[in-house]
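Welcome! Take a moment to look over the model below, and then let us walk through a few of its features together.

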Amino acid sequence: MASTNDHPGERAATDPIRLLAIRDTPLSLDEVFRAVGDDAAGGTALFVGTVRNHDGGADVDSLGYSSHPTAEAELRRVAEKVAADFPVRALAAVHRVGDLAVGALAVVVAVSCPHRAEAFQACRRLIDDLKHEVPIWKHQRFSDGAEEWVGAC
């Protein structure tokens, strides 16, 4: 029997980026999960970011996301880096823009890899780099009437 590392399923897919988008419409967990389905993947990690009702000790009523015109290109760059650093079989990331209510899905990312540890690590890197490097800004509106802009990069 050959070493498991010799099997093609142990390596990254040739084109693992299956779905990347910045949208002004509601996000779908099912769409993202389906996008990263791969028979060679033994582990799939999915992260869902939602609008929470508080930040920094203050109550949040709602928020809006806006993005720079280069945001999708930057998202692709981030995804390509993650795919280059891990044996990614499939990767997907979608981020919402526009006004969102508390509880709404703001971002969904998923990665499938041959093994769970790689999937967790790659998914963590994907969401962390997306939040730090993709030019998407959050405008929070608080219950006391205050507002705050938070930049992604």
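## Cysteines and disulfides

Searching the whole structure turns up zero disulfides. This is a predicted model, and two of its cysteines show how the search comes out. The sulfur of Cys113 has its closest cysteine sulfur in Cys123, at 9.3 Å, which is too far for a bond because a disulfide needs the two sulfur atoms within 2.5 Å. Cys123, likewise, is in no disulfide.

Are these cysteines buried or exposed? Cys113 is buried, as its relative accessibility is 0%. Cys123 is buried too, with a relative accessible area of 6%.

## The largest pocket

Now for some empty space. The largest pocket holds about 380 Å³. It is lined by 21 residues, and those closest to the pocket's centre are Arg52, Tyr65, Val107, Lys131 and Lys138.

Which strand gives the most to this lining? That is strand 8, with four residues. Several elements supply at least two lining residues each, including strand 4 (58-67), strand 7 (105-113) and helix 3 (116-133). By type, the lining residues divide into twelve nonpolar, five polar and four charged.

## A look at Asp38

To find Asp38, go to the loop between helix 1 (29-35) and strand 2. Asp38 counts as buried because its relative accessibility of 18% is under the 20% cut-off.

What does Asp38 touch, leaving aside residues up to four places away in sequence? Its contacts are Arg18, Arg89 and Ser112. With Arg89 there is also a polar contact of 3.3 Å, joining the side chains of Asp38 and Arg89.

Note on methods: Residues numbered from 1 in each chain as written. Predicted model: local features only at pLDDT ≥ 70, side-chain atom pairs only at ≥ 80, totals over all residues. Heavy atoms only, no water. 1 Å grid on protein atoms, 1.4 Å probe; cavity = no way out; pocket = protein on both sides within 12 Å on 5 of 7 lines; lining within 4 Å. Points joined across faces, edges and corners; volume = space filled by probe spheres on them. Nonpolar A, V, L, I, M, F, W, Y, C, P; charged D, E, K, R; others polar. Buried < 20%, exposed > 50% of the residue type's maximum accessible area, 1.4 Å probe, protein only. Polar contact = N/O pair within 3.5 Å; in protein donor to acceptor, adjacent residues only side chain to side chain. Contact = heavy atoms within 4.5 Å.
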